[in-house]
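I opened this entry to work through one chain, from confidence to fold to single residues. My notes follow in the order I looked things up.

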Amino acid sequence: MPYKPPVCPECGEPISVVDEVVSETYRFDEATGTFKLREIATTVEIECLVCKADLLELLEAFEHGVCNYVAE
Ligand SMILES: [Zn+2]
């Protein structure tokens, strides 16, 4: 395997799978009968699936989301 995943600073396990949770809020709009307004939370949760550590806090590489992770 040419590349290795980053390692969790908390439990030392390789982060081969990571959950990124972005919260989105929809509000019902009575004029149109649809959920119209959408708010995307500015906070993102990124958790280690092994020890539940907050990777957003611990791994600078995930600071702007997993999709922006760049291997050094
Ligand atoms: Zn961990």
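**Confidence first**

I started with the elements: β1 has the highest mean pLDDT among them, 84, and β2 the lowest, 80. This is a predicted model, so I wanted these values before anything else. Over the chain, the pLDDT averages 83. I noted that 93% of the residues score at least 70. A reminder to myself: where pLDDT is low, the predicted coordinates should not be read in detail.

**Layout**

Next I listed the elements. I found two strands and one helix. Their order from the N terminus is β-β-α. The radius of gyration of the chain is 17 Å, well over the 11 Å that the globule rule gives for 72 residues, so the chain is more spread out than a compact globule. I then checked the box along the principal axes: the C-alpha atoms fill roughly 55 × 25 × 20 Å.

How much of the chain is buried? I get 10% of the 72 residues. I also looked at contacts with a separation of 6 or more. Of these, 43% come from residues 24 or more positions apart.

**The core**

Which residues form the largest nonpolar core? I count seven: Cys 8, Ile 15, Ile 46, Cys 48, Leu 55, Leu 59 and Phe 62. In soluble globular proteins, nonpolar side chains tend to be buried together.

I picked Ile 46 from this set and asked what it touches. Leaving out residues up to four places away in sequence, Ile 46 touches Val 18, Glu 20, Leu 55, Leu 56, Phe 62 and Val 66. Leu 55 and Phe 62 are among these partners, and both also belong to the core.

**The loop between the strands**

I moved to Thr 32. Thr 32 lies in the loop between β1 (18-29) and β2 (34-48). Buried or exposed? Thr 32 is exposed, because only counts of 12 or fewer qualify and Thr 32 has 8 other C-beta atoms within 10 Å. I then took a distance from Thr 32 to Leu 55 of the core. Their C-alpha atoms are separated by 40 Å, with the two positions 23 residues apart along the chain counted as their spacing.

**The loop before the helix**

Last, I checked Lys 52. Where is Lys 52 found? Lys 52 sits in the loop between β2 and α1 (55-58). The phi of Lys 52 is positive, about 65 degrees, although Lys 52 is not a glycine. Lys 52 is exposed too, with 10 other C-beta atoms within 10 Å.

Definitions and conventions
Residues numbered from 1 in each chain as written. Core = buried A, V, L, I, M, F, W, Y, C linked by C-beta atoms within 7 Å. Buried ≥ 20, exposed ≤ 12 C-beta atoms within 10 Å, placed from the backbone. Contact = placed C-beta atoms within 7 Å. Helix = DSSP H or I, 4+ residues; strand = E, 2+ residues; numbered from the N terminus. Rg over C-alpha atoms; globule rule 2.2 N^0.38 Å. pLDDT = per-residue confidence, 0-100.
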